Number of protein chains: 2
Amino acid sequence: MSDLPQSVQINEEGPREGFQFERGPIATARKVELIDALSVNEKGLERAIACGRLDLSGSISLTASEPFLERNQNRSLADNIAMQHNMIRLYQRHGIPVERGSIMAAFGCNFAGDTAIETVVDMVEQIVDIAEEHDIVLEVISLADTMAWATPLSIKQVVGAVRERFPLLDIALHLHDTRGMGIANAYAGLEMGVGIFDSAVAGLGGCPFAAHRGAAGNVCTEDLVFMCEEMGIATGGDLERLIEAARLAEDIVGHPLPGSVKLGGSLAALHR
Amino acid sequence: MSDLPQSVQINEEGPREGFQFERGPIATARKVELIDALSVNEKGLERAIACGRLDLSGSISLTASEPFLERNQNRSLADNIAMQHNMIRLYQRHGIPVERGSIMAAFGCNFAGDTAIETVVDMVEQIVDIAEEHDIVLEVISLADTMAWATPLSIKQVVGAVRERFPLLDIALHLHDTRGMGIANAYAGLEMGVGIFDSAVAGLGGCPFAAHRGAAGNVCTEDLVFMCEEMGIATGGDLERLIEAARLAEDIVGHPLPGSVKLGGSLAALHR
(Lines give C-alpha, C1' and ligand atoms only; values in the text may rest on other atoms or scores of the structure.)
Protein backbone atom coordinates (compact mmCIF):
# COMPACT_ATOMS: atom_id res chain seq x y z
CA MET A 1 0.00 0.00 0.00
CA SER A 2 2.87 2.32 0.77
CA ASP A 3 4.01 2.17 -2.87
CA LEU A 4 1.08 4.27 -4.12
CA PRO A 5 2.33 7.54 -5.61
CA GLN A 6 1.21 10.84 -4.08
CA SER A 7 0.22 12.22 -7.45
CA VAL A 8 -0.13 11.04 -11.02
CA GLN A 9 -0.09 12.62 -14.47
CA ILE A 10 -3.05 11.64 -16.64
CA ASN A 11 -2.89 12.26 -20.39
CA GLU A 12 -6.30 12.66 -22.00
CA GLU A 13 -6.60 10.56 -25.18
CA GLY A 14 -10.28 11.20 -25.90
CA PRO A 15 -9.93 13.76 -28.68
CA ARG A 16 -7.08 11.80 -30.32
CA GLU A 17 -7.42 8.04 -29.94
CA GLY A 18 -10.99 8.29 -28.65
CA PHE A 19 -12.61 9.66 -31.76
CA GLN A 20 -10.69 7.47 -34.23
CA PHE A 21 -12.80 4.47 -33.29
CA GLU A 22 -16.10 6.25 -33.96
CA ARG A 23 -17.83 5.87 -37.30
CA GLY A 24 -18.31 9.61 -37.56
CA PRO A 25 -17.93 11.99 -39.25
CA ILE A 26 -17.83 14.18 -36.13
CA ALA A 27 -17.99 17.91 -36.82
CA THR A 28 -14.80 19.74 -35.89
CA ALA A 29 -16.80 22.24 -33.85
CA ARG A 30 -18.04 19.39 -31.63
CA LYS A 31 -14.51 18.05 -31.20
CA VAL A 32 -13.43 21.52 -30.12
CA GLU A 33 -16.40 21.61 -27.74
CA LEU A 34 -15.15 18.41 -26.05
CA ILE A 35 -11.59 19.69 -25.90
CA ASP A 36 -12.88 22.89 -24.31
CA ALA A 37 -14.85 20.87 -21.76
CA LEU A 38 -11.75 18.85 -20.95
CA SER A 39 -9.46 21.87 -20.85
CA VAL A 40 -8.07 23.31 -17.70
CA ASN A 41 -8.83 26.77 -16.46
CA GLU A 42 -6.47 29.74 -16.83
CA LYS A 43 -4.40 28.78 -13.81
CA GLY A 44 -4.05 25.28 -15.24
CA LEU A 45 -3.07 26.71 -18.59
CA GLU A 46 -0.33 28.79 -16.96
CA ARG A 47 0.90 25.70 -15.14
CA ALA A 48 0.85 23.72 -18.37
CA ILE A 49 2.89 26.39 -20.15
CA ALA A 50 5.32 26.48 -17.24
CA CYS A 51 5.70 22.68 -17.51
CA GLY A 52 6.15 22.91 -21.28
CA ARG A 53 3.23 20.50 -21.67
CA LEU A 54 1.80 22.38 -24.64
CA ASP A 55 5.02 21.94 -26.61
CA LEU A 56 5.21 19.23 -29.18
CA SER A 57 7.30 16.30 -28.12
CA GLY A 58 8.39 13.24 -30.02
CA SER A 59 8.52 9.61 -29.05
CA ILE A 60 10.27 6.46 -30.19
CA SER A 61 7.63 3.82 -30.76
CA LEU A 62 8.18 0.09 -31.23
CA THR A 63 5.62 -2.70 -31.34
CA ALA A 64 6.09 -6.04 -29.63
CA SER A 65 4.09 -7.93 -32.27
CA GLU A 66 5.17 -7.92 -35.92
CA PRO A 67 1.77 -9.19 -37.23
CA PHE A 68 0.03 -6.30 -35.44
CA LEU A 69 2.63 -3.80 -36.67
CA GLU A 70 1.96 -4.92 -40.23
CA ARG A 71 -1.80 -4.51 -39.80
CA ASN A 72 -1.62 -1.26 -37.85
CA GLN A 73 1.16 0.52 -39.71
CA ASN A 74 1.97 -1.70 -42.68
CA ARG A 75 5.62 -2.06 -41.64
CA SER A 76 8.01 -4.83 -40.62
CA LEU A 77 9.89 -4.59 -37.31
CA ALA A 78 13.07 -3.62 -39.22
CA ASP A 79 11.26 -1.01 -41.31
CA ASN A 80 9.76 0.39 -38.12
CA ILE A 81 13.17 0.80 -36.49
CA ALA A 82 14.49 2.59 -39.60
CA MET A 83 11.40 4.81 -39.48
CA GLN A 84 12.10 5.71 -35.84
CA HIS A 85 15.58 6.94 -36.79
CA ASN A 86 14.06 9.04 -39.58
CA MET A 87 11.47 10.50 -37.21
CA ILE A 88 14.10 11.37 -34.61
CA ARG A 89 16.15 13.22 -37.27
CA LEU A 90 12.99 15.08 -38.25
CA TYR A 91 12.21 15.94 -34.61
CA GLN A 92 15.76 17.13 -34.04
CA ARG A 93 15.79 19.27 -37.20
CA HIS A 94 12.75 21.08 -35.82
CA GLY A 95 14.01 21.35 -32.27
CA ILE A 96 11.32 19.01 -30.95
CA PRO A 97 12.48 17.17 -27.82
CA VAL A 98 12.22 13.38 -27.66
CA GLU A 99 11.77 12.15 -24.09
CA ARG A 100 9.46 9.18 -24.39
CA GLY A 101 9.64 5.70 -25.80
CA SER A 102 6.63 3.47 -26.20
CA ILE A 103 5.90 -0.19 -26.84
CA MET A 104 2.61 -1.27 -28.36
CA ALA A 105 1.14 -4.73 -27.70
CA ALA A 106 3.37 -4.99 -24.63
CA PHE A 107 1.06 -7.46 -22.88
CA GLY A 108 -0.17 -9.64 -25.72
CA CYS A 109 -1.57 -9.52 -29.22
CA ASN A 110 -4.73 -10.84 -30.86
CA PHE A 111 -2.59 -11.89 -33.86
CA ALA A 112 0.59 -13.16 -32.18
CA GLY A 113 -0.52 -14.37 -28.75
CA ASP A 114 1.27 -13.67 -25.48
CA THR A 115 4.11 -11.16 -25.35
CA ALA A 116 7.06 -12.56 -23.39
CA ILE A 117 8.31 -10.32 -20.60
CA GLU A 118 11.84 -10.63 -22.03
CA THR A 119 10.58 -9.33 -25.39
CA VAL A 120 9.33 -6.17 -23.69
CA VAL A 121 12.57 -5.68 -21.77
CA ASP A 122 14.58 -6.26 -25.00
CA MET A 123 12.41 -3.74 -26.78
CA VAL A 124 13.00 -1.10 -24.09
CA GLU A 125 16.70 -1.78 -24.56
CA GLN A 126 16.34 -1.26 -28.33
CA ILE A 127 14.52 2.02 -27.74
CA VAL A 128 17.20 3.20 -25.30
CA ASP A 129 19.88 2.24 -27.85
CA ILE A 130 18.10 4.10 -30.65
CA ALA A 131 17.84 7.14 -28.38
CA GLU A 132 21.54 6.99 -27.48
CA GLU A 133 22.54 6.94 -31.14
CA HIS A 134 20.94 10.37 -31.35
CA ASP A 135 22.30 11.61 -28.00
CA ILE A 136 18.86 11.41 -26.44
CA VAL A 137 18.33 10.48 -22.79
CA LEU A 138 14.83 9.08 -22.49
CA GLU A 139 12.77 9.96 -19.42
CA VAL A 140 9.65 7.86 -19.91
CA ILE A 141 8.85 4.46 -21.33
CA SER A 142 5.18 3.88 -22.08
CA LEU A 143 3.86 0.33 -22.09
CA ALA A 144 0.67 -0.02 -24.12
CA ASP A 145 -1.88 -2.78 -23.61
CA THR A 146 -3.13 -2.16 -27.12
CA MET A 147 -5.34 -5.23 -27.36
CA ALA A 148 -6.43 -5.53 -23.73
CA TRP A 149 -4.47 -8.63 -22.76
CA ALA A 150 -3.09 -7.36 -19.48
CA THR A 151 -4.15 -8.49 -16.03
CA PRO A 152 -3.09 -6.78 -12.80
CA LEU A 153 -0.61 -9.62 -12.34
CA SER A 154 1.02 -9.19 -15.76
CA ILE A 155 1.12 -5.41 -15.24
CA LYS A 156 3.12 -6.02 -12.07
CA GLN A 157 5.38 -8.58 -13.71
CA VAL A 158 6.18 -6.50 -16.82
CA VAL A 159 6.51 -3.17 -14.97
CA GLY A 160 8.70 -4.91 -12.39
CA ALA A 161 10.98 -6.42 -15.04
CA VAL A 162 11.36 -3.14 -16.93
CA ARG A 163 12.02 -1.19 -13.75
CA GLU A 164 14.59 -3.71 -12.54
CA ARG A 165 16.55 -3.37 -15.80
CA PHE A 166 16.02 0.40 -16.26
CA PRO A 167 15.58 1.89 -12.79
CA LEU A 168 15.99 5.49 -14.01
CA LEU A 169 13.16 5.40 -16.55
CA ASP A 170 9.70 6.55 -15.51
CA ILE A 171 7.07 4.07 -16.64
CA ALA A 172 3.76 5.12 -18.18
CA LEU A 173 0.79 2.85 -18.87
CA HIS A 174 -1.53 3.10 -21.85
CA LEU A 175 -4.43 0.81 -20.95
CA HIS A 176 -7.43 -0.42 -22.88
CA ASP A 177 -10.58 -1.62 -21.14
CA THR A 178 -11.90 -4.02 -23.77
CA ARG A 179 -12.04 -6.90 -21.30
CA GLY A 180 -12.97 -4.82 -18.26
CA MET A 181 -9.51 -4.93 -16.65
CA GLY A 182 -8.56 -1.27 -17.26
CA ILE A 183 -9.07 0.15 -13.78
CA ALA A 184 -7.69 -2.95 -12.04
CA ASN A 185 -4.63 -2.75 -14.29
CA ALA A 186 -4.20 0.94 -13.47
CA TYR A 187 -4.38 0.07 -9.77
CA ALA A 188 -1.70 -2.60 -10.22
CA GLY A 189 0.41 0.06 -11.94
CA LEU A 190 -0.15 2.49 -9.07
CA GLU A 191 0.96 -0.19 -6.61
CA MET A 192 4.16 -0.51 -8.64
CA GLY A 193 4.67 3.25 -8.37
CA VAL A 194 3.62 4.07 -11.96
CA GLY A 195 2.76 7.76 -12.06
CA ILE A 196 1.80 8.41 -15.70
CA PHE A 197 -1.36 7.11 -17.38
CA ASP A 198 -3.13 7.64 -20.68
CA SER A 199 -6.91 7.50 -20.54
CA ALA A 200 -9.95 8.74 -22.46
CA VAL A 201 -12.95 10.62 -21.15
CA ALA A 202 -16.02 8.33 -20.84
CA GLY A 203 -13.82 5.44 -22.04
CA LEU A 204 -13.89 6.65 -25.64
CA GLY A 205 -11.76 4.86 -28.15
CA GLY A 206 -10.31 1.53 -28.99
CA CYS A 207 -7.97 0.53 -31.75
CA PRO A 208 -9.66 0.08 -35.13
CA PHE A 209 -6.98 -2.44 -36.19
CA ALA A 210 -7.21 -4.65 -33.11
CA ALA A 211 -10.01 -6.90 -34.39
CA HIS A 212 -12.30 -6.41 -31.41
CA ARG A 213 -16.00 -6.98 -31.61
CA GLY A 214 -16.73 -4.83 -28.58
CA ALA A 215 -16.56 -1.07 -28.47
CA ALA A 216 -14.77 -0.64 -25.14
CA GLY A 217 -11.75 1.56 -25.63
CA ASN A 218 -9.24 3.30 -23.45
CA VAL A 219 -9.44 3.14 -19.71
CA CYS A 220 -11.94 5.79 -18.65
CA THR A 221 -10.49 9.11 -17.46
CA GLU A 222 -13.14 10.02 -14.91
CA ASP A 223 -13.20 6.49 -13.43
CA LEU A 224 -9.40 6.59 -13.12
CA VAL A 225 -9.51 10.07 -11.56
CA PHE A 226 -12.25 8.86 -9.16
CA MET A 227 -10.14 5.90 -8.02
CA CYS A 228 -6.98 7.98 -7.59
CA GLU A 229 -8.63 10.87 -5.74
CA GLU A 230 -10.61 8.51 -3.47
CA MET A 231 -7.31 6.84 -2.56
CA GLY A 232 -5.68 10.20 -1.82
CA ILE A 233 -3.63 10.37 -5.03
CA ALA A 234 -3.73 13.85 -6.61
CA THR A 235 -4.54 13.94 -10.33
CA GLY A 236 -5.05 17.67 -10.92
CA GLY A 237 -8.38 16.74 -12.53
CA ASP A 238 -11.77 18.15 -11.54
CA LEU A 239 -13.99 15.07 -11.28
CA GLU A 240 -17.34 16.88 -11.51
CA ARG A 241 -16.28 18.67 -14.69
CA LEU A 242 -14.87 15.45 -16.12
CA ILE A 243 -18.25 13.81 -15.54
CA GLU A 244 -19.88 16.67 -17.46
CA ALA A 245 -17.32 16.24 -20.24
CA ALA A 246 -18.05 12.50 -20.34
CA ARG A 247 -21.76 13.19 -20.80
CA LEU A 248 -20.89 15.67 -23.55
CA ALA A 249 -18.74 13.01 -25.24
CA GLU A 250 -21.75 10.66 -25.24
CA ASP A 251 -23.89 13.37 -26.76
CA ILE A 252 -21.27 14.00 -29.46
CA VAL A 253 -20.84 10.35 -30.51
CA GLY A 254 -24.57 9.68 -30.17
CA HIS A 255 -24.39 6.39 -28.25
CA PRO A 256 -23.66 5.26 -24.68
CA LEU A 257 -19.99 5.18 -23.69
CA PRO A 258 -18.60 2.72 -21.16
CA GLY A 259 -17.44 4.87 -18.20
CA SER A 260 -19.16 4.10 -14.87
CA VAL A 261 -18.73 7.16 -12.64
CA LYS A 262 -20.73 9.35 -15.05
CA LEU A 263 -23.67 7.04 -14.14
CA GLY A 264 -22.85 6.13 -10.54
CA GLY A 265 -21.82 9.66 -9.59
CA SER A 266 -18.90 10.88 -7.51
CA LEU A 267 -18.77 10.61 -3.73
CA ALA A 268 -17.73 14.24 -3.21
CA ALA A 269 -21.05 15.35 -1.73
CA LEU A 270 -21.53 12.12 0.24
CA HIS A 271 -18.36 11.89 2.32
CA ARG A 272 -18.84 13.09 5.88
CA MET B 1 1.97 -11.06 -5.80
CA SER B 2 2.64 -14.21 -3.83
CA ASP B 3 -0.50 -13.59 -1.77
CA LEU B 4 -2.84 -14.46 -4.64
CA PRO B 5 -4.88 -17.55 -3.77
CA GLN B 6 -4.60 -20.66 -5.95
CA SER B 7 -8.34 -20.95 -6.27
CA VAL B 8 -11.44 -18.97 -5.39
CA GLN B 9 -15.09 -19.71 -4.77
CA ILE B 10 -17.47 -17.51 -6.75
CA ASN B 11 -21.13 -17.33 -5.72
CA GLU B 12 -23.46 -16.40 -8.57
CA GLU B 13 -25.93 -13.66 -7.55
CA GLY B 14 -27.53 -13.08 -10.96
CA PRO B 15 -30.79 -14.98 -10.41
CA ARG B 16 -31.18 -13.58 -6.86
CA GLU B 17 -29.86 -10.04 -6.48
CA GLY B 18 -29.45 -9.58 -10.23
CA PHE B 19 -33.07 -9.70 -11.22
CA GLN B 20 -34.38 -7.65 -8.28
CA PHE B 21 -33.09 -4.44 -9.87
CA GLU B 22 -34.90 -5.06 -13.15
CA ARG B 23 -38.29 -3.49 -13.79
CA GLY B 24 -39.65 -6.81 -14.98
CA PRO B 25 -41.85 -8.75 -14.70
CA ILE B 26 -39.52 -11.49 -15.93
CA ALA B 27 -41.22 -14.79 -16.70
CA THR B 28 -40.20 -17.59 -14.34
CA ALA B 29 -39.40 -19.83 -17.33
CA ARG B 30 -36.79 -17.31 -18.45
CA LYS B 31 -35.29 -17.13 -14.96
CA VAL B 32 -35.03 -20.91 -15.00
CA GLU B 33 -33.42 -20.69 -18.45
CA LEU B 34 -30.69 -18.43 -17.03
CA ILE B 35 -30.18 -20.64 -13.99
CA ASP B 36 -29.85 -23.62 -16.34
CA ALA B 37 -27.29 -21.75 -18.44
CA LEU B 38 -25.33 -20.89 -15.29
CA SER B 39 -25.61 -24.37 -13.85
CA VAL B 40 -22.77 -26.77 -13.72
CA ASN B 41 -22.71 -30.08 -15.54
CA GLU B 42 -23.41 -33.43 -13.88
CA LYS B 43 -19.90 -33.78 -12.56
CA GLY B 44 -20.16 -30.32 -11.08
CA LEU B 45 -23.49 -31.17 -9.55
CA GLU B 46 -22.01 -34.25 -7.91
CA ARG B 47 -19.17 -32.13 -6.56
CA ALA B 48 -21.65 -29.54 -5.31
CA ILE B 49 -23.65 -32.22 -3.51
CA ALA B 50 -20.44 -33.64 -2.06
CA CYS B 51 -19.55 -30.16 -0.77
CA GLY B 52 -23.04 -29.65 0.61
CA ARG B 53 -23.35 -26.49 -1.45
CA LEU B 54 -26.93 -27.19 -2.40
CA ASP B 55 -27.99 -27.26 1.23
CA LEU B 56 -29.64 -24.22 2.71
CA SER B 57 -27.42 -22.28 5.02
CA GLY B 58 -28.15 -19.32 7.22
CA SER B 59 -26.20 -16.16 7.86
CA ILE B 60 -26.05 -13.45 10.50
CA SER B 61 -26.40 -10.11 8.75
CA LEU B 62 -25.68 -6.68 10.21
CA THR B 63 -25.53 -3.33 8.44
CA ALA B 64 -22.90 -0.70 9.15
CA SER B 65 -25.25 2.19 8.38
CA GLU B 66 -28.46 2.68 10.35
CA PRO B 67 -30.04 5.09 7.80
CA PHE B 68 -29.51 2.48 5.07
CA LEU B 69 -30.82 -0.32 7.27
CA GLU B 70 -33.98 1.69 7.83
CA ARG B 71 -34.47 2.26 4.11
CA ASN B 72 -33.50 -1.26 3.07
CA GLN B 73 -35.19 -3.29 5.79
CA ASN B 74 -37.18 -0.80 7.82
CA ARG B 75 -35.35 -1.72 11.05
CA SER B 76 -33.16 -0.01 13.62
CA LEU B 77 -29.73 -1.46 14.44
CA ALA B 78 -31.14 -2.85 17.73
CA ASP B 79 -34.22 -4.32 16.02
CA ASN B 80 -31.91 -5.90 13.47
CA ILE B 81 -29.80 -7.58 16.14
CA ALA B 82 -32.94 -8.96 17.81
CA MET B 83 -34.09 -10.20 14.41
CA GLN B 84 -30.78 -12.03 13.90
CA HIS B 85 -31.29 -13.95 17.16
CA ASN B 86 -34.81 -14.89 16.03
CA MET B 87 -33.51 -16.03 12.65
CA ILE B 88 -30.78 -18.15 14.24
CA ARG B 89 -33.36 -19.87 16.46
CA LEU B 90 -35.47 -20.54 13.36
CA TYR B 91 -32.43 -21.92 11.46
CA GLN B 92 -31.49 -24.14 14.39
CA ARG B 93 -35.04 -25.44 14.81
CA HIS B 94 -34.88 -26.60 11.18
CA GLY B 95 -31.35 -27.96 11.37
CA ILE B 96 -30.02 -25.34 8.97
CA PRO B 97 -26.35 -24.60 9.63
CA VAL B 98 -25.21 -21.00 10.16
CA GLU B 99 -21.61 -20.52 9.05
CA ARG B 100 -21.53 -17.04 7.62
CA GLY B 101 -21.85 -13.52 8.90
CA SER B 102 -22.21 -10.50 6.66
CA ILE B 103 -21.94 -6.74 6.96
CA MET B 104 -23.74 -4.46 4.52
CA ALA B 105 -22.44 -0.96 3.70
CA ALA B 106 -19.05 -2.01 5.03
CA PHE B 107 -17.19 0.56 2.92
CA GLY B 108 -19.50 3.57 3.00
CA CYS B 109 -23.10 4.60 2.60
CA ASN B 110 -24.91 7.07 0.37
CA PHE B 111 -26.99 8.10 3.38
CA ALA B 112 -24.43 8.03 6.21
CA GLY B 113 -21.10 8.73 4.51
CA ASP B 114 -17.85 6.88 5.15
CA THR B 115 -17.85 3.72 7.26
CA ALA B 116 -15.03 3.79 9.79
CA ILE B 117 -12.77 0.73 9.73
CA GLU B 118 -13.30 0.34 13.50
CA THR B 119 -17.06 0.22 12.94
CA VAL B 120 -16.61 -2.76 10.63
CA VAL B 121 -14.29 -4.55 13.07
CA ASP B 122 -16.75 -3.86 15.93
CA MET B 123 -19.57 -5.23 13.81
CA VAL B 124 -17.65 -8.44 13.08
CA GLU B 125 -17.17 -8.74 16.83
CA GLN B 126 -20.92 -8.30 17.39
CA ILE B 127 -21.64 -10.99 14.82
CA VAL B 128 -19.14 -13.37 16.41
CA ASP B 129 -20.73 -12.68 19.83
CA ILE B 130 -24.23 -13.32 18.49
CA ALA B 131 -22.99 -16.57 16.99
CA GLU B 132 -21.36 -17.65 20.26
CA GLU B 133 -24.57 -17.09 22.20
CA HIS B 134 -26.05 -19.82 20.00
CA ASP B 135 -22.97 -22.08 20.10
CA ILE B 136 -22.16 -21.28 16.50
CA VAL B 137 -18.57 -21.04 15.23
CA LEU B 138 -18.61 -18.82 12.16
CA GLU B 139 -16.40 -19.74 9.22
CA VAL B 140 -16.90 -16.81 6.86
CA ILE B 141 -17.46 -13.10 7.24
CA SER B 142 -18.74 -11.37 4.12
CA LEU B 143 -18.03 -7.67 3.65
CA ALA B 144 -20.50 -6.02 1.27
CA ASP B 145 -19.76 -2.83 -0.65
CA THR B 146 -23.49 -2.32 -1.01
CA MET B 147 -23.32 1.23 -2.36
CA ALA B 148 -20.04 1.02 -4.29
CA TRP B 149 -17.90 3.18 -2.05
CA ALA B 150 -14.86 0.89 -1.90
CA THR B 151 -11.54 1.49 -3.58
CA PRO B 152 -8.77 -1.09 -3.82
CA LEU B 153 -7.03 0.78 -1.01
CA SER B 154 -10.03 0.67 1.34
CA ILE B 155 -10.57 -3.01 0.49
CA LYS B 156 -7.01 -3.69 1.64
CA GLN B 157 -7.40 -1.57 4.77
CA VAL B 158 -10.71 -3.06 5.89
CA VAL B 159 -9.84 -6.67 4.99
CA GLY B 160 -6.48 -6.22 6.72
CA ALA B 161 -8.09 -4.85 9.90
CA VAL B 162 -10.70 -7.62 10.07
CA ARG B 163 -8.12 -10.31 9.40
CA GLU B 164 -5.78 -8.94 12.05
CA ARG B 165 -8.51 -9.09 14.67
CA PHE B 166 -10.11 -12.38 13.49
CA PRO B 167 -7.36 -14.41 11.82
CA LEU B 168 -9.41 -17.62 11.77
CA LEU B 169 -12.36 -16.22 9.81
CA ASP B 170 -12.39 -16.54 6.03
CA ILE B 171 -13.30 -13.25 4.40
CA ALA B 172 -15.73 -12.98 1.48
CA LEU B 173 -16.33 -9.88 -0.63
CA HIS B 174 -19.69 -8.83 -2.07
CA LEU B 175 -18.79 -6.07 -4.53
CA HIS B 176 -20.87 -3.65 -6.57
CA ASP B 177 -19.55 -2.04 -9.73
CA THR B 178 -21.62 1.14 -9.76
CA ARG B 179 -18.54 3.35 -9.93
CA GLY B 180 -16.44 1.01 -12.06
CA MET B 181 -14.20 -0.21 -9.23
CA GLY B 182 -15.59 -3.76 -8.96
CA ILE B 183 -12.84 -5.71 -10.68
CA ALA B 184 -10.06 -3.57 -9.18
CA ASN B 185 -11.59 -4.11 -5.75
CA ALA B 186 -11.75 -7.86 -6.37
CA TYR B 187 -8.08 -7.80 -7.34
CA ALA B 188 -7.22 -5.95 -4.13
CA GLY B 189 -9.14 -8.65 -2.26
CA LEU B 190 -7.23 -11.40 -4.08
CA GLU B 191 -3.96 -9.73 -3.13
CA MET B 192 -5.12 -9.88 0.51
CA GLY B 193 -5.81 -13.59 0.08
CA VAL B 194 -9.61 -13.30 -0.10
CA GLY B 195 -10.90 -16.48 -1.68
CA ILE B 196 -14.71 -16.05 -1.75
CA PHE B 197 -16.56 -13.59 -3.97
CA ASP B 198 -20.17 -12.88 -4.86
CA SER B 199 -20.78 -11.72 -8.43
CA ALA B 200 -23.56 -11.63 -11.02
CA VAL B 201 -23.46 -12.83 -14.61
CA ALA B 202 -23.18 -9.91 -17.07
CA GLY B 203 -23.03 -7.54 -14.08
CA LEU B 204 -26.76 -7.87 -13.41
CA GLY B 205 -28.18 -6.26 -10.36
CA GLY B 206 -27.75 -3.35 -8.06
CA CYS B 207 -29.58 -2.46 -4.91
CA PRO B 208 -32.98 -0.82 -5.49
CA PHE B 209 -32.71 0.99 -2.15
CA ALA B 210 -29.25 2.46 -2.73
CA ALA B 211 -30.39 5.65 -4.52
CA HIS B 212 -28.20 5.16 -7.57
CA ARG B 213 -28.99 6.75 -10.87
CA GLY B 214 -26.88 4.27 -12.82
CA ALA B 215 -27.81 0.69 -13.49
CA ALA B 216 -24.44 -0.93 -12.80
CA GLY B 217 -24.89 -3.71 -10.32
CA ASN B 218 -22.82 -6.52 -8.93
CA VAL B 219 -19.30 -7.12 -10.07
CA CYS B 220 -19.57 -9.14 -13.28
CA THR B 221 -19.06 -12.91 -12.95
CA GLU B 222 -17.47 -13.57 -16.33
CA ASP B 223 -15.13 -10.56 -16.02
CA LEU B 224 -14.07 -11.79 -12.56
CA VAL B 225 -13.60 -15.34 -13.84
CA PHE B 226 -11.59 -13.98 -16.79
CA MET B 227 -9.26 -12.04 -14.48
CA CYS B 228 -8.78 -14.96 -12.08
CA GLU B 229 -8.18 -17.60 -14.75
CA GLU B 230 -5.80 -15.33 -16.71
CA MET B 231 -3.81 -14.89 -13.49
CA GLY B 232 -3.72 -18.63 -12.89
CA ILE B 233 -6.36 -18.68 -10.14
CA ALA B 234 -8.81 -21.56 -10.55
CA THR B 235 -12.50 -20.62 -10.33
CA GLY B 236 -14.19 -23.82 -11.46
CA GLY B 237 -16.14 -21.70 -13.96
CA ASP B 238 -16.29 -22.30 -17.71
CA LEU B 239 -15.64 -18.85 -19.20
CA GLU B 240 -17.06 -19.56 -22.67
CA ARG B 241 -20.31 -20.83 -21.20
CA LEU B 242 -20.48 -17.91 -18.80
CA ILE B 243 -20.17 -15.56 -21.77
CA GLU B 244 -23.10 -17.37 -23.40
CA ALA B 245 -25.08 -17.07 -20.15
CA ALA B 246 -24.27 -13.33 -20.02
CA ARG B 247 -25.67 -12.86 -23.52
CA LEU B 248 -28.75 -14.83 -22.49
CA ALA B 249 -29.16 -12.55 -19.45
CA GLU B 250 -29.11 -9.51 -21.76
CA ASP B 251 -31.74 -11.14 -23.93
CA ILE B 252 -33.91 -11.85 -20.89
CA VAL B 253 -33.78 -8.33 -19.44
CA GLY B 254 -34.04 -6.75 -22.87
CA HIS B 255 -31.30 -4.14 -22.51
CA PRO B 256 -27.48 -4.06 -22.56
CA LEU B 257 -25.78 -5.22 -19.36
CA PRO B 258 -22.43 -3.87 -18.18
CA GLY B 259 -20.00 -6.83 -18.38
CA SER B 260 -17.02 -6.37 -20.72
CA VAL B 261 -15.70 -9.83 -21.57
CA LYS B 262 -18.96 -10.79 -23.28
CA LEU B 263 -18.07 -8.02 -25.78
CA GLY B 264 -14.28 -8.17 -25.78
CA GLY B 265 -14.15 -11.97 -25.84
CA SER B 266 -11.96 -14.37 -23.92
CA LEU B 267 -8.31 -14.98 -24.77
CA ALA B 268 -8.60 -18.77 -24.71
CA ALA B 269 -8.21 -19.22 -28.46
CA LEU B 270 -5.56 -16.48 -28.75
CA HIS B 271 -2.90 -17.61 -26.27
CA ARG B 272 0.01 -19.39 -27.96
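## A tour that starts at helix H8

Begin by selecting helix H8 of chain A: 10 of the 10 residues of H8(A) are buried, so this helix is largely enclosed by the rest of the structure. As you look around, keep in mind that this is a predicted model.

**Stop 1: along H8(A).** Show the side chains of the helix. The buried residues include A:Gly182, A:Ile183, A:Ala184, A:Asn185 and A:Ala186. Carry on and you will meet A:Tyr187, A:Ala188, A:Gly189, A:Leu190 and A:Glu191, which are buried too. After the helix, pick A:Gly193, which follows H8(A) and has a positive phi, near 85°.

**Stop 2: the whole of chain A.** Now zoom out and colour chain A by secondary structure. You should find 11 helices and six strands. Chain A has 272 residues, and 47% of them count as buried. What share of the contacts between residues at least 6 apart in sequence joins residues at least 24 apart? In chain A that share is 74%.

**Stop 3: helices H6 and H7 of chain A.** Select residues 117–133 of chain A, which form helix H6, together with H7(A), residues 152–165. Their axes lie 10 Å apart and the two helices pack at an angle of about 40°, which makes H6(A) oblique to H7(A). The crossing of H6(A) past H7(A) is right-handed. To see the contact itself, show A:Ile117, A:Val120, A:Val121 and A:Val124 on H6(A). On the H7(A) side, their partners are A:Gln157, A:Val158, A:Ala161, A:Val162 and A:Arg165. By class, this contact has seven nonpolar residues, one polar and one charged.

**Stop 4: bring in chain B.** Display both chains and look at where they meet. On each side of the interface the count is 38: that many residues of chain A are in contact with 38 residues of chain B. Helices H7, H8, H9 (221–230) and H11 (261–264) of chain A each give at least two residues to the side that touches chain B. Which helix supplies the largest share of that side? It is H9(A), with four residues. Colour the chain A side by class and you will get 18 nonpolar, 12 polar and eight charged residues.

**Stop 5: the axis.** Superpose chain A on chain B: a rotation of 180° with 0.0 Å of shift along its axis does it, with an RMSD of 0.0 Å. That is the relation of a two-fold axis. To find the axis on screen, centre on A:Ala184, whose C-alpha is the nearest to it in chain A, at 1.9 Å. You have already visited A:Ala184, one of the buried residues of H8(A). The copies meet through the same surface, because 100% of the interface residues of chain A are also interface residues in chain B.

**Stop 6: H7 and H8 in chain B.** Select H7(B), residues 152–165, and H8(B); they pack at an angle of about 35° with their axes 8 Å apart. H7(B) passes H8(B) in a right-handed crossing. From H7(B), show B:Pro152, B:Ile155, B:Lys156 and B:Val159; from H8(B), show B:Ala184, B:Asn185, B:Tyr187, B:Ala188 and B:Gly189. These contact residues divide into six nonpolar, two polar and one charged.

**Last stop: B:Thr178.** Step back to the loop between strand S5 (170–175) and H8 of chain B, where B:Thr178 sits. Is B:Thr178 buried or exposed? It counts as buried because it has 29 C-beta neighbours inside 10 Å. Finally, draw a distance from B:Thr178 to B:Ala148: they are 30 residues apart in sequence, yet their C-alpha atoms are 5.7 Å apart in space.

Note on methods. Residues are numbered from 1 along each chain as its sequence is written. Chains are lettered from A and ligands numbered from 1 in the order in which they are written. This is a predicted model: local features need pLDDT of at least 70, side-chain atom pairs count only at pLDDT 80 or more; totals for chains, interfaces and linings use all residues. A residue is buried if 20 or more other C-beta atoms lie within 10 Å of its own, exposed if 12 or fewer, and partly exposed in between; C-beta atoms are placed from the backbone. Two residues are in contact if their C-beta atoms, placed from the backbone, lie within 7 Å. Ala, Val, Leu, Ile, Met, Phe, Trp, Tyr, Cys and Pro count as nonpolar, Asp, Glu, Lys and Arg as charged, and the others, Gly among them, as polar. Copies are superposed by least squares on the C-alpha atoms of residues with pLDDT of at least 70 in both. Axes are lines fitted to C-alpha atoms, for helices over the stretch in contact, and angles run from 0 to 180 degrees between N-to-C directions. Angles under 35 degrees count as roughly parallel, over 145 as roughly antiparallel, 65 to 115 as roughly perpendicular and the rest as oblique. A crossing is left-handed if the near helix is turned anticlockwise from the far one by less than a right angle, and right-handed if clockwise.
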